[in-house]
Amino acid sequence: MHPTWQNLDRLSRTYGDSFYLLNVDAFRRNYSEFLAAFRRSYPEATIAYSYKTNYIPRLGRIVSELGGYAEVVSQMEYELAVKLGVPPARIIFNGPYKEPAHLAAALHAGSIVNLDATYEVDTVEALSRDQPGRTFTVGVRCNFDSGAGNVSRFGFDIESPEFVAVLTRLRALPNCVLGGLHCHFSTRERSAASYALRVRTLLGLCARHFAEAPPRFLNVGGGFFSRMSAELQAQFAISAPTFEEYAAAIATPLAEAFPRAPRPELILEPGAALTADVMQFAARIVGLKTVRAQQF
């Protein structure tokens, strides 16, 4: 529907004087174009849509229909994904805090849980002992220098003895699969070069800690810029990379490092890159005023 005045006026009679318009075709297009940019170099790339960015149910259902993961950071988001019909095996549970009962329930259901702290490792060990007949898949969140001069609060410091100890503890569990590595940074450093650094670091960890066989997945997190207008782009200190530039920085090095199967699944966690231009806010103007020759 084109948002003409007549269409907006008609909608307002049902939904009130202010409402949002969701363009699902634009969301599907962003999803497909983002993923295609990566799969041209690395066919094993997959999107895990960041629910925290915008968890309107329609978007979660579309991602599931397109074969993507639901990336959640809270029990509320996890329950929403399940309610939308996302198979538990297609849910990735991230976040710096997970209540032990919720973490255990997610693993029991077959979801991937990326562990962020030692208390979560304790929970996995207890679950492994209590349910020896079940197999659980976990990832480990990695904390390292992203090149932006900021210290992230997410994950285990890869330079610390704790990191190796965590890997050792998980591998000692007979019914726990150490599926892969994950990283995420809560900074504005979103250049293609910063993602290339993430990939180089993860590949170095693979060489040291997955020498016998590659991990099932490598997850480079989110934070990708969306497409934006020239006016919006001017507000940022760096030029926003295109989807293709992100793919060249991430997918190409992985394809070179893993030239043949078995290759790890490349998991990407875009949020704003998919949703930034898919919603509009409509509000009725109820009055105009002029103050000191300016109209408001």
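This passage describes the salt bridges, the pairing of one buried strand and the cysteines of a predicted model.

Local features were considered at pLDDT of at least 70 and side-chain atom pairs only at pLDDT 80 or more, whereas totals for chains, interfaces and linings use all residues of the predicted model. Residues are numbered from 1 along each chain as its sequence is written, and side-chain values use heavy atoms, with hydrogens and water left out.

A total of 12 salt bridges was found in the structure, a salt bridge being a side-chain nitrogen of Lys or Arg within 4 Å of a carboxyl oxygen of Asp or Glu. One network of such bridges links Asp9, Arg13, Asp17 and Arg284. Within this network, the closest N and O atoms of Asp9 and Arg13 are 2.8 Å apart. Both residues belong to helix H1 (residues 5–15), where a spacing of 4 residues separates Asp9 from Arg13 by about one helical turn; helices (H or I, at least four residues) and strands (E, at least two) are DSSP runs, numbered from the N terminus. The two partners lie in contrasting surroundings, since accessibility is classed as buried under 20% relative accessible area, exposed over 50% and partly exposed in between (1.4 Å probe, protein chains only): Asp9 is buried at 14% relative accessibility, whereas Arg13 is exposed at 64%.

Asp9 also forms a salt bridge with Arg284, for which the closest N and O atoms are 2.9 Å apart. This second pair links distant parts of the chain, given that Asp9 in helix H1 and Arg284, in the loop between strand E11 (279–283) and strand E12 (290–291), are 275 residues apart. Arg284 is partly exposed, with a relative accessibility of 35%.

A further salt bridge joins the side chains of Glu71 and Lys52, with an N to O distance of 3.5 Å. Because Glu71 lies in strand E3 (residues 69–72) and Lys52 in the loop between strand E2 (45–50) and helix H3 (57–65), this pair ties together parts that are 19 residues apart in sequence. Glu71 is buried, with a relative accessible area of 2%, while Lys52 is partly exposed at 43% relative accessibility.

Strand E8 (residues 176–182) is mostly covered, 7 of its 7 residues being buried. Strand pairing was assigned where DSSP finds at least two bridges between two strands. On this basis, E8 runs parallel to strand E6 (residues 136–143), to which 6 bridges join it, and Gly139 has Gly180 in E8 as its bridge partner. E8 also pairs in the parallel sense with strand E9 (residues 217–219), here over 3 bridges, and the partner of Leu181 in E9 is Leu218.

The structure holds 0 disulfides, a disulfide being a pair of cysteine sulfur atoms within 2.5 Å. For Cys176, the closest cysteine sulfur is that of Cys142, at a distance of 15 Å, which is too far for a bond. Cys206 is likewise in no disulfide, and the nearest cysteine sulfur, again that of Cys142, is 8.9 Å away. Cys176 is buried, with a relative accessible area of 11%, and Cys206 is buried with a relative accessible area of 5%.
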